[in-house]
Amino acid sequence: MDPRAFILGCSAIGAGIAMIAGIGPGIGQGYAAGKGAEAVGRQPEARSTIMSTMLVGAAVAETTGIYGLIVAMILMFANPLIDKYISLLGM
């Protein structure tokens, strides 16, 4: 088996697994938005505080998805592992 093909295949699988990290933030942000709407419905006078807290929480959760995307892009396009693996094999 060609070592480059093996590394590229493993990188594609790793990129797919890294993109699964986008599921958690999506579910969490939807849940937070629902709870934020409930809280505003119960206490409309606290709307600005609730919304700002919800938005900060959504921004923090979104970084997880962005990190997953960055890892997937590195594995698919930059792929620093190919040269290291080839040099290990002495090819």
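Patches are taken here as groups of residues that each have over 30% relative accessible area and no salt bridge, like charges being joined within 9 Å and nonpolar side chains (Val, Leu, Ile, Met, Phe, Trp, Tyr) within 5 Å. Accessible areas come from the Shrake-Rupley method with a 1.4 Å probe, and for residues only the protein chains shown count as cover. The structure is a predicted model, in which local features need pLDDT of at least 70 and side-chain atom pairs count only at pLDDT 80 or more, whereas totals for chains, interfaces and linings use all residues. Residues are numbered from 1 along each chain as its sequence is written, and side-chain values use heavy atoms, with hydrogens and water left out.

By these criteria, I13, I17, I20, I23 and I27 make a nonpolar surface patch of about 530 Å². At least two residues of the nonpolar patch are supplied by helix 1 (3-19), and at least two by helix 2; helices (H or I, at least four residues) are DSSP runs, numbered from the N terminus. One member of the patch, I27, lies in helix 2 and counts as exposed, at 60% relative accessibility. In this classification, buried means under 20% relative accessible area and exposed over 50%, with partly exposed in between (1.4 Å probe, protein chains only).

Helix 1 has 17 residues and reaches 24 Å from its first C-alpha to its last, close to the 24 Å expected at 1.5 Å a residue, where the expected span of a helix is 1.5 Å times one less than its number of residues. The buried residues of helix 1 are P3, I7, S11, A15 and A18. Seen down the axis of helix 1, these buried residues fall within an arc of 105°, so they line one face of the helix; the arc is that of the directions from the helix axis to the C-beta atoms. The exposed residues I13 and I17, both part of the nonpolar patch, are carried on the face of helix 1 turned away from its buried side.

Two of the buried positions in helix 1 can be described through their contacts, contact meaning heavy atoms within 4.5 Å. S11, with a relative accessible area of 3%, touches L75, M76 and N79, when residues up to four places away in sequence are not counted. A15, with a relative accessible area of 4%, touches A72, L75 and M76 under the corresponding exclusion of residues up to four places away in sequence. A15 and M76 are 61 residues apart in sequence, yet their C-alpha atoms are 6.7 Å apart in space. P80, in the loop between helix 3 and helix 4 (81-89), is partly exposed, with a relative accessible area of 45%. P80 and P3 are 77 residues apart in sequence and 14 Å apart in space, C-alpha to C-alpha.

Helix 2 was examined in the corresponding way. For its 20 residues, a span of 28 Å is expected at 1.5 Å a residue, and the end C-alpha atoms of helix 2 are 29 Å apart, which agrees. Within helix 2, P25, G36, A39 and V40 are buried. Viewed down the axis of helix 2, its buried residues fall within an arc of 95°, so they line one face of the helix. What covers the buried residues of helix 2 includes helix 3 (47-78). The face of helix 2 turned away from its buried side carries the exposed residues I27, Y31, A37, G41 and R42.

Side chains of opposite charge can pair when their charged atoms come close. The structure holds 2 salt bridges, a salt bridge being a side-chain nitrogen of Lys or Arg within 4 Å of a carboxyl oxygen of Asp or Glu. In one of them, the side chains of K35 and E38 meet at 3.7 Å, N to O. K35 and E38 are 3 residues apart in helix 2 (residues 23-42) and are therefore separated by about one helical turn. K35 is partly exposed, with a relative accessible area of 40%, and E38 is likewise partly exposed, at 41%. The side chains of R42 and E38 also meet in a salt bridge, at 3.9 Å, N to O, and these residues lie in helix 2, 4 residues apart, about one turn of the helix. R42 is exposed, with a relative accessible area of 61%. K35, E38 and R42 are thus linked in a network of salt bridges.
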